[in-house]
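Work through the exercises below with the model open. Try each task before reading its solution.

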Amino acid sequence: MVKSVMVAYALWAVGGPLGLHHLYLGRDSHALLWMLTLGGFGFGWVREFIRIPAYVGEANQDAEDRKTPPPMVPPPVGPVRFVGQVCVGIYFGTVALIGLNSLSFFYLIVLPLCVGAGVHLVSCVGQQTSDLQKTLTACLITSPIFYGSSLSPLPISLAASVTAAQNCRIKPPRPPGPTPEIGPRLFMLGLAWLAFSAPLGYCIFHNTTATLYYLSDCVSALLDIFWFLPWLKNVVEYILLIPYRLLCALTGGGYYEDAWRKVLEILLKEYTEREKEALKVLSLEVGASLEDITQSYRGLAKTWHPDNNPSKDAEATFMKIHEAYEVLLRRHKPHRFT
């Protein structure tokens with residue numbers, strides 16, 4: 001089926017940062033890259049305004065090449081692709097540092113594989129591809145040299161990008177026949193997106209209390225920007241509260257002026273692992289009030305204070321009790337809302 005430039009531009013305008021026009025043109029690797037980076041961090045999406053006719057030409061030419069395969073001449077790697085490989089490799093590595101750094105052998109195996117995956121994804125955009133095995137090998141060799149450094153994604157990505165550029169080649173044309181259906185392609189892209197976002201999402205929401213406090217501060221700061229335009233502030237707040245309104249509609253709840261506080265009150269019922277451990281130290285049950293926490297702390301602190309308890313473990317136990325009290329006290333401290 002011949003692809004249309006006008007349709008590609010329409011999809012670029014409507015959902016370009018999510019790669020809708022690349023899905024239409026059969027450029028699934030490019031679509032996945034745009035889904036994970038929101039259109040190449042915005043810059044790639046803008047640049048494509050002048051690139052779409054060439055993309056459409058490549059897609060239509062690809063249909064002809066399936067009938068008469070072109071010679072497999074290794075293509076040159078342009079500076080834009082090389083810089084993209086380096087940047088996306090660093091981006092994937094940074095996401096891994098945020099979401100997966102607690103895993104065993106992180107700096108030796110997990111980080112280089114993540115960086116290599118980002119570099120290889122860029123190298124597979126369009127009609128080009130590279131040798132995944134050699135790219136990952138370069139990452140695994142480079143990683144131990146910068147073991148433990150938070151800056152290690154940069155040299156690893158550079159090594160992988162150079163290797164990918166040296167092993168660049170034209171993709172073999174698809175066998176003759178109809179283009180694969182969109183359903184299975186979307187399913188595979190969805191799995192790839194989930195594999196990328198799930199560890200990051202788990203890390204962000206693992207410490208629920210700290211995350212929500214941070215988000216509430218961000219919302220407050222964002223709304224404060226529009227203090228001079230009250231109507232615009234109301235519009236932004238309405239848009240940000242759409243998920244909460246949907247939750248109310250589904251659960252039968254109501255909408256209140258202090259909606260941000262209500263959302264936090266619901267979500268902050270979940271205890272973090274550190275708070276659960278603190279409850280055990282103070283011999284408290286889930287849902288203990290501030291009065292219960294203070295009363296238990298005072299009793300245990302009096303019992304285990306080194307001045308009153310001659311045990312050799314008294315000082316360590318007293319410090320543990322005090323730290324547990326501080327953890328639970330932070331949970332009950334009033335927080336700032338707009």
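F196 is buried, at 15% relative accessible area; buried means under 20%, exposed over 50% and partly exposed in between, using a 1.4 Å probe and protein chains only. The model is predicted: local features need pLDDT of at least 70, side-chain atom pairs count only at pLDDT 80 or more, and totals for chains, interfaces and linings use all residues. Residues are numbered from 1 along each chain as its sequence is written, and side-chain values use heavy atoms, leaving out hydrogens and water.

**Exercise 1. Place the rings of Y91, F92 and F196.**

Start with the rule. Rings of Phe, Tyr and Trp (its six-membered ring) pair if their centres lie within 6.5 Å; planes under 30 degrees apart are stacked, over 60 edge-to-face, the rest tilted. The count by this rule is 11 aromatic pairs. Y91 and F92 make one that is edge-to-face, with 6.0 Å between centres and 70 degrees between planes.

Next, check burial. Y91 is partly exposed at 23%. F92 is buried at 10%.

Now turn to F196. Its ring centre lies 4.9 Å from that of F92, and the planes meet at 50 degrees, so this pair is tilted. The two residues are 104 apart in the chain: F92 belongs to helix α6 (residues 79-99), F196 to helix α10 (residues 182-206). Helices here are DSSP runs of H or I with at least four residues, numbered from the N terminus.

**Exercise 2. Which residues form one aromatic cluster?**

The members are Y9, W12, W45 and F49.

**Exercise 3. Find the charges over the rings of Y24 and Y55.**

Apply the test: NZ of Lys or CZ of Arg within 6 Å of the ring centre and within 35 degrees of the ring normal. K3 has its charged end over Y24, 4.8 Å from the ring centre. R27 does likewise over Y55, at 4.0 Å.

**Exercise 4. Describe the surroundings of T135.**

First, locate T135 in helix α8 (residues 132-142). Its relative accessibility is 0%, so T135 counts as buried. Then list its contacts, meaning heavy atoms within 4.5 Å. Leaving out residues up to four places away in sequence, T135 touches G116, V119, S130, A160, T163 and A164. Its side chain also reaches the backbone oxygen of D131, at 3.0 Å.

**Exercise 5. Is helix α7 largely enclosed or exposed?**

Count burial: 14 of its 18 residues are buried, so α7 is largely enclosed by the rest of the structure.

Key. A polar contact is a pair of N or O atoms within 3.5 Å; within protein, one must be able to donate a hydrogen and the other to accept it, and residues adjacent in sequence count only if both atoms are side-chain atoms.
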